[in-house]
Amino acid sequence: MSDYIVSARKYRPATFDAVVGQSALTTTLKNAIKAGKLAHAYLFCGPRGVGKTTSARIFAKTINCLSPGQDGEACDKCESCMAFNEGRSLNIHELDAASNNSVDDIRTLIEQVQIPPQAGRYKVFIIDEVHMLSAAAFNAFLKTLEEPPAHAIFILATTEKHKILPTILSRCQIYDFNRMEVEDIVGHLKCVAEREGYACEDEALNVIAQKADGGMRDALSIFDQIASYTQGNITYSKVIENLNILDYDYYFNITDSLLKCDVTQVMLTLNDILCRGFEANHFMGGLSSHFRNLLVSRDAQTLPLLEVAQSVQQRYQEQAMRCSTKFIYRALKLCNNCDINYRTARNKRLLVEITLIEVAQLMSENADDSASGGRSPIRRLLPIFAPVATPAATTPHHPTATVRQTPTIPLPRTTVTTPKTTVGVAVQANPAPQSALSRRLNTISISTPPKGQTAASGTHIATATAANASTTSLGTTLAEPFNEDELRYYWLRFVNELPPEQSAEAGRLQMLKPQIMDNFVVEVSVDNERVAKHLGTIKENLTGFLREALHNSLLTIKFKVNENVETHNYRSPREILQDMCKANKAVALLVEKLKLQLA
């Protein structure tokens with residue numbers, strides 16, 4: 001147990017070629033060594049864990065090598081290289097500026113600079129976290145950094161270059177280290193896994209690389225943690241379980257539900273995520289990244305920007321083809337606004353739920369903006385939840401039918417056979433135990449109310465009369481009852497499924513309020529005969545859709561002109577101008593003098 005060394009130290013690069021993801025910088029350093037063009041001060045800056053200190057040590061080792069190779073690498077065989085590998089080299093000095101940041105520490109360093117190297121050609125001073133030096137220490141270091149002895153080379157390393165004085169920056173050659181790509185980290189982790197004899201999945205290593213956020217040291221630390229947890233069998237499921245990361249499946253499933261406007265399933269998925277202990281803003285950030293990945297998956301040129309495993313990349317491509325670019329753009333904007341407003345929101349869960357509903361409603365917007373006459377796209381609100389009907393109260397005169405619970409779940413259609421002499425189905429006073437299907441068939445009753453008496457208006461339940469039930473003497477008729485909530489739900493469903501070229505009809509139908517009358521007649525009040533005639537073009541399709549959706553072939557639609565609505569004659573702009581000129585002579589004079597004309 002005492003001999004164990006973490007992977008970040010055990011597999012620390014010893015040559016320039018072994019440095020991962022910084023090929024441009026390492027090539028520049030090797031060429032400078034081969035050409036003998038060494039500066040007296042270098043500044044290595046960049047994020048944590050990208051190889052700044054490691055590159056500084058390799059550079060110090062290589063410039064002191066007694067027989068360097070032609071490629072600019074150290075030989076690892078001479079006395080200087082062996083002393084460095086064993087940690088006993090006197091030519092390399094490391095100073096942690098985080099804990100040695102005073103003027104006295106810098107003065108001690110300056111005194112050491114004056115002593116020439118005992119073996120080798122250069123004395124290298126590596127100052128890590130140099131931005132932690134005090135202003136007085138920086139000023140004390142300026143003169144030595146500008147004109148050091150010929151044998152002294154300074155390598156400064158920092159993660160926060162903006163905190164360093166400009167006078168220090170002007171005296172150094174600056175090398176900016178980049179964040180490591182996910183592919184580079186995954187490739188290095190595969191090599192470490194092979195050397196350690198671990199079995200690993202590509203998706204698991206991708207998750208580790210993304211969690212590391214471009215730092216190789218962080219990636220190796222997470223890798224060691226997962227290897228201990230899984231005992232060398234690193235799988236995707238174990239990684240997301242140990243790191244408490246949301247699975248890709250959550251985002252794929254919730255996007256599928258949003259595309260179907262299935263808000264119920266979206267709410268259930270969100271609740272499952274919150275119950276697992278994830279914060280809502282963490283989920284929204286992941287959903288934003290998911291939409292971003294869908295966007296880059298739509299184009300082969302941007303596909304390399306997708307930093308996921310190959311199998312997950314195929315899933316992104318498949319789902320991206322089902323999403324329009326306009327939907328992804330607007331979904332990204334909504335998620336970004338939610339992220340901005342999350343901190344200030346009092347009810348954070350409600351904010352997230354409203355955002356998800358708005359994303360689902362994007363599917364209701366017209367895909368063709370030209371139908372709106374050049375203005376903003378036509379927006380129609382899709383039904384969010386299916387109406388839940390309540391059982392109607394029965395009256396002593398005639399039984400009423402039981403209402404369906406959820407119209408979105410397909411139920412077995414009920415057929416009512418109407419013999420020549422039979423009008424309705426008798427209801428037993430004390431029914432025997434039956435199956436669920438038998439009970440449903442028996443609850444559908446078609447009865448004939450007495451003369452002059454209609455169904456109870458408070459229940460809003462459509463009931464069939466003998467005249468409707470006897471439309472066919474030997475055939476069967478679908479006659480399931482329905483209420484106004486169900487009618488309104490499927491009415492809006494039909495409106496939102498109309499094509500863009502029928503946007504005018506859709507707008508009129510959406511504003512109307514259908515009412516259930518006797519004999520399954522749906523009466524709709526319109527303003528004038530022109531509107532009734534205009535809507536008559538789709539009356540047949542609307543009737544067929546509602547009959548199939550409500551399982552009632554007796555349903556009919558009647559457009560009724562509302563006589564109480566005041567009619568307004570349309571006047572053209574030219575007529576309005578003529579009336580103004582007649583009413584006010586000054587307006588007529590102004591038009592005559594300025595020779596005004598209507599465009």
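In this predicted model, three strands line up as an open sheet in the order E10-E11-E12, with mixed pairing. The edges of this sheet are E10 and strand E12 (556-561), and each of these pairs on one side only. E11 and E12 run in the parallel sense and are linked over six bridges. To spot this pairing in the structure, look for Ser525, which sits opposite Lys560 in E12. As a bit of background, strands of a sheet pair through backbone hydrogen bonds, either parallel or antiparallel.

Next comes helix H20 (residues 484-496), which ties in with this part of the chain. Its 13 residues should span 18 Å at 1.5 Å a residue, and the end C-alpha atoms are indeed 18 Å apart, so the two values agree. At the start of H20, Asn483 has a side-chain oxygen that comes to within 3.3 Å of the backbone nitrogen of Asp485. Plenty of H20 is tucked away: its buried residues are Glu486, Leu487, Tyr489, Tyr490, Trp491, Leu492, Phe494, Val495 and Asn496. What do these buried residues pack against? Their partners are helix H21 (503-511), strand E10 (515-516), strand E11 (521-526) and helix H23 (539-550).

Earlier in the chain, there is another set of strands to follow. Strand E3 (residues 123-128) is mostly covered, with five of its six residues buried. On one pairing, E3 meets strand E2 (residues 92-96) in the parallel sense over five bridges, and Ile92 stands opposite Val124 in E3. To get from E2 to E3, the chain passes through helix H5 (residues 103-113), making a right-handed β-α-β crossover. E3 also runs parallel to strand E4 (residues 152-158), joined to that strand by six bridges. Here Asp128 has Ala157 in E4 as its bridge partner. Helix H6 (residues 135-146) completes the picture, since E3, H6 and E4 together make a β-α-β unit that is right-handed.

Finally, the nonpolar cores. The largest one has 72 residues, and the residues with the most contacts inside it are Phe283, Leu287, Phe291 and Val352. Which residues does Phe283 touch, leaving aside its neighbours within four places in sequence? Phe283 is in contact with Leu246, Tyr251, Ile254, Leu270, Ile273, Val352 and Leu356. A second core, separate from that one, has 29 residues, including Ala479, Leu487, Tyr490 and Ile557. Two of these names are familiar from helix H20, where Leu487 and Tyr490 are among the buried residues.

Methods
Residues are numbered from 1 along each chain as its sequence is written. This is a predicted model: local features need pLDDT of at least 70, side-chain atom pairs count only at pLDDT 80 or more; totals for chains, interfaces and linings use all residues. Side-chain values use heavy atoms; hydrogens and water are left out. Helices (H or I, at least four residues) and strands (E, at least two) are DSSP runs, numbered from the N terminus. The expected span of a helix is 1.5 Å times one less than its number of residues. Buried means under 20% relative accessible area, exposed over 50%, partly exposed in between (1.4 Å probe, protein chains only). Contact means heavy atoms within 4.5 Å. A polar contact is a pair of N or O atoms within 3.5 Å; within protein, one must be able to donate a hydrogen and the other to accept it, and residues adjacent in sequence count only if both atoms are side-chain atoms. A nonpolar core is a set of buried Ala, Val, Leu, Ile, Met, Phe, Trp, Tyr and Cys residues joined through side-chain atoms within 4.5 Å. Two strands pair if DSSP finds at least two bridges between them. A crossover is right-handed if, with the strands pointing away from the viewer, the path from the first strand over the helix to the second runs clockwise.
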